[in-house]
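Visitor: Please show me the model. I would like to go through it piece by piece.

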Amino acid sequence: HGVWISTSHGTVTQVGPMRSVTDVEQRGRVVGRAADSGGKPCFGVWKPSGHRVWKTCDARLTTFSPAGHRVVGTGPVKNRFGDIHRITLYDDTGHRLASYTAKSRSAITNVSWEYATHALAEVFQPSGPCPGACRGHWAVVRLGVDGSAELATPVVKGVVDFRPYLLPLT
């Protein structure tokens, strides 16, 4: 099994084995879901030739950095909204560069690369219990491959169903 990818030049190649693709970088390397291991979903990075470079079952690999030298991983799913509570940044060999965990009751709703050295994460922190309209605070946090973390935007009040900040979807 594998997936078919097409370059901007129209070359079509089967890459795999993998179950699905989450991103393709400029040189044709692919991030995707590999075969599960012990019932746990696994993800990997493949060369255009179909050779798997590395694999992890600890995170859902989502996207390459702009130059394709780093990969962001998310997981596991934390709550019924599908939010995540951990972000891991990897180099192109699968070495873990940095890992971030959301504070208790917080949720990371999306993550996207800003530069080769930083990713941005949308974070929601509820003000109290969330049985109905969940109110709280939103911010975008800048996460560095060096382990740094800082606010990239002001913290604003809001509700969980309306995101005042919108990063590109990954």
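Guide: What follows is a set of short questions and answers on this structure.

This is a predicted model, in which local features need pLDDT of at least 70 and side-chain atom pairs count only at pLDDT 80 or more, while totals for chains, interfaces and linings use all residues. Residues are numbered from 1 along each chain as its sequence is written, and side-chain values use heavy atoms, with hydrogens and water left out.

Visitor: Which element of the chain has the highest mean pLDDT?

Guide: pLDDT is the predictor's confidence in each residue, from 0 to 100. The chain has a mean of 85, and 90% of its residues reach 70 or more. Strands here are DSSP runs of E with at least two residues, numbered from the N terminus. The lowest mean, 72, belongs to strand 1 (residues 3–6), and the highest, 96, to strand 14 (residues 149–151).

Visitor: In what order do the four strands of the open sheet with strand 3 run?

Guide: Strands of a sheet pair through backbone hydrogen bonds, either parallel or antiparallel. Two strands count as paired if DSSP finds at least two bridges between them. Strand 3 (20–24) and strand 6 are the edges, each with a single partner strand, so one side of each has no neighbour in the sheet. Pairing is antiparallel, and the order is 3-4-5-6.

Visitor: What is the bridge partner of V21 in strand 4?

Guide: Strand 3 and strand 4 (residues 30–37) run antiparallel and are joined by four bridges. Their hairpin has five residues between the strands, and G28 there takes a positive phi near 95°. Across in strand 4, V21 is bridged to G32.

Visitor: Which residue in the turn between strand 4 and strand 5 has a positive phi?

Guide: These two strands pair in the antiparallel sense over six bridges. One of the bridge pairs is V31 with V45 in strand 5. The hairpin has two residues between its strands, and the one in the turn with a positive phi, about 60°, is G38.

Visitor: Which residue in strand 6 stands opposite W46?

Guide: Strand 5 and strand 6 run antiparallel, with four bridges joining them. Opposite W46 stands R52.

Visitor: Which cysteines form the disulfide, and how far apart are their sulfur atoms?

Guide: A disulfide here is a pair of cysteine sulfur atoms within 2.5 Å. A search of the whole structure finds one. The pair is C42 and C57, with sulfur atoms separated by 1.8 Å.

Visitor: Why is this disulfide, between C42 and C57, given a handedness?

Guide: C42 sits in strand 5 (residues 40–46) and C57 in the loop between strand 6 (52–56) and strand 7 (60–64), so the disulfide ties together parts 15 residues apart in sequence. C42 has 0% relative accessibility, so it counts as buried (under 20% relative accessible area; exposed is over 50%, partly exposed in between; 1.4 Å probe, protein chains only). The torsion about the S-S bond is about 95°, so the disulfide is right-handed.

Visitor: Which strands stand at the edges of the open sheet 7-8-9-10?

Guide: This sheet has four strands with antiparallel pairing. Its neighbouring strands are turned by 20° against each other on average, direction ignored (axes are lines fitted to C-alpha atoms, for helices over the stretch in contact, and angles run from 0 to 180 degrees between N-to-C directions). The edges, each with a single partner strand, are strand 7 and strand 10.

Visitor: What is the bridge partner of Y90 in strand 10?

Guide: Strand 9 and strand 10 run antiparallel, joined by five bridges. Four residues lie between them in the hairpin, and G94 in the turn has a positive phi of about 95°. Y90 is bridged to R96.

Visitor: Which residues touch the most other members of the largest nonpolar core?

Guide: A nonpolar core is a set of buried Ala, Val, Leu, Ile, Met, Phe, Trp, Tyr and Cys residues joined through side-chain atoms within 4.5 Å. The elements that give two or more residues are strand 9 (86–91), strand 10 (96–101), strand 11 (107–115), strand 12 (118–126) and strand 13 (135–144). Another core, of nine residues, lies apart from it and includes V45 and Y90. In the largest core, of 16 residues, those with the most member contacts are I87, L89 and I108.

Visitor: Is A152 buried or partly exposed?

Guide: A152 lies in the loop between strand 14 and strand 15 (156–159). Beyond its neighbours within four places in sequence, A152 is in contact (heavy atoms within 4.5 Å) with L120, V140, V141 and R142. Its relative accessible area is 30%, so A152 is partly exposed.
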